[in-house]
Amino acid sequence: MSSPDIASILENSRELDRLRKEQEEVLVEINKLHKKLQATPEVVEKPGDSSFARLKATYIQAKDLSEREVTISNLLLSQLDTFLPSGLPGQQRIKMDGNDQKRKRMKCDSDISRLSPSMWRYIEACVSLKDEQVAARVTSDAEKDEWFVVKVINFDEKTKEFEVLDEEPGDDEEGSGQKKYKLPASCIIPFPKRNDPLSTQEFPAGRNVLAVYPGTTALYKATVISTPRKRKSDEYLLEFDDDEEDGALPQRTVPFHKVVPLPEGHRQ
């Protein structure tokens, strides 16, 4: 197992822990609302009361966190399966003839049909991203990670890799054409659905996120200043790191569907 693979597994494990902690916080908020409604049910009849709206919002957040947990859990399962030995310990390797090769192919087909339901859901989720725009970490060196908006061309179910297309490479890229990459699932973050804002997780004020910088296809670390619900719009108000102007950080609006969780250990 290589160091990058180990780092990816650890990163996803930390993300799973963060999601579960956030789920606990949301559950506490849901229980508080339940107790309030049970103790004073007449409060919902008062003009301007938002108890039901808050309850719905917390349920939506809990659902989104739960779905994200399933995605990360399935990703971890696939990563761990890659490194688990197949067959019995100490099993000898034997040179195969043509018939053996055929039997091996038949066995592989059978193995595919026996994939666990969670693995099938993971693969289906990855395949469904075809032709969608996603956030992708296309470069990673000792100093920083670079994330860009790319289009998914294909997902290889065997290698668990995405083939993506950078439709607008920067001026410093070699050549002027579009550029393709093959990336593991750990380098891909799906964007929220543009046409379904109510089912999208909302990041609270003060939370660090990864967001598309206005007018570009690059994503950078930012801090949430105000949320779409608070602003009664489809946009976050963000402050991007290292975006100083005249000694201050300007606040910029970014559509909710261009904001994703900040990966653990992000370097910028």
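In which sense, and over how many bridges, do strand 2 (residues 145–156) and strand 7 (residues 218–226) pair? In this predicted model, the two strands run antiparallel to each other and are joined over two bridges. One residue of strand 2 that takes part is Phe148, whose bridge partner in strand 7 is Ala218.

Strand 7 also pairs with strand 6 (residues 208–212), again in the antiparallel sense, and here five bridges are found. Within this pairing, Tyr220 of strand 7 has Ala211 standing opposite. Strands 6 and 7 together form a hairpin in which five residues lie between the two strands, and the turn includes Gly215, which has a positive phi of about 80°. A further antiparallel pairing links strand 7 to strand 8 (residues 235–240) through four bridges, with Thr223 standing opposite Glu239 of strand 8. In general terms, the side chains of a regular strand alternate between the two faces of the sheet.

As a whole, the protein has five helices and ten strands. Buried residues account for 35% of its 268 residues, and the accessible surface comes to about 17,100 Å², with 51% of that surface belonging to carbon and sulfur atoms. Of the contacts with a separation of 6 or more, 53% are between residues that lie 24 or more positions apart.

The confidence of the prediction can be described for the protein and for particular stretches. The average pLDDT of the protein is 78, and 76% of the residues score at least 70. Over residues 86–96, however, the pLDDT is below 50, and this stretch has three contacts in the model beyond near neighbours in sequence. Residues 101–113 likewise have a pLDDT that stays under 50, and for them the model has four contacts beyond four places in sequence. Where pLDDT is low, the predicted coordinates should not be read in detail.

The largest nonpolar core contains 18 residues, of which Val138, Phe162, Val164, Leu183 and Ile188 touch the most other members. At least two residues of this core are supplied by each of strand 1 (133–140), strand 2, strand 3 (161–166) and strand 4 (179–184), and strand 2 gives the most, with four residues. The surroundings of Val138 can be listed in detail: when neighbours within four places in sequence are left aside, Val138 is in contact with Glu146, Phe148, Val150, Tyr181 and Leu183. Phe148, named here among the contacts of Val138, is also the residue whose bridge partner in strand 7 is Ala218.

A second set of surroundings is that of Leu237, which is found in strand 8. With a relative accessible area of 15%, Leu237 falls under the 20% limit and therefore counts as buried. When residues up to four places away in sequence are not counted, Leu237 touches Thr223, Val224, Ile225, Ser226, Arg231, Gln251, Arg252 and Thr253. The C-alpha atoms of Leu237 and Thr227 are separated by 6.6 Å, although ten residues separate the two positions along the chain.

Side chains of opposite charge can pair when their charged atoms come close. A search of the whole structure finds twelve salt bridges. In one of these, Arg18 pairs with Glu22, and the closest N and O atoms are 2.7 Å apart. Arg18 and Glu22 lie four residues apart in helix 1 (residues 3–39), so that about one helical turn separates them. Arg18 is partly exposed, with a relative accessible area of 23%, whereas Glu22, at 5% relative accessibility, counts as buried.

Another salt bridge joins the side chains of Glu235 and Arg231, with an N to O distance of 3.9 Å. Glu235 is partly exposed at 29% relative accessibility, and Arg231 is partly exposed at 32%. Arg231 is also one of the residues touched by Leu237. Glu245 forms a salt bridge with Arg252, in which the closest N and O atoms are 2.9 Å apart, and Glu245 is partly exposed, with a relative accessible area of 43%. Salt bridges that share partners also join Glu15, Arg18, Glu22, Arg68 and Arg207 into one network.

Key:
Residues are numbered from 1 along each chain as its sequence is written. Side-chain values use heavy atoms; hydrogens and water are left out. Two strands pair if DSSP finds at least two bridges between them. A salt bridge is a side-chain nitrogen of Lys or Arg within 4 Å of a carboxyl oxygen of Asp or Glu. Buried means under 20% relative accessible area, exposed over 50%, partly exposed in between (1.4 Å probe, protein chains only). pLDDT is the predictor's confidence in each residue, from 0 to 100. Contact means heavy atoms within 4.5 Å. A nonpolar core is a set of buried Ala, Val, Leu, Ile, Met, Phe, Trp, Tyr and Cys residues joined through side-chain atoms within 4.5 Å. Accessible areas come from the Shrake-Rupley method with a 1.4 Å probe; for residues, only the protein chains shown count as cover.
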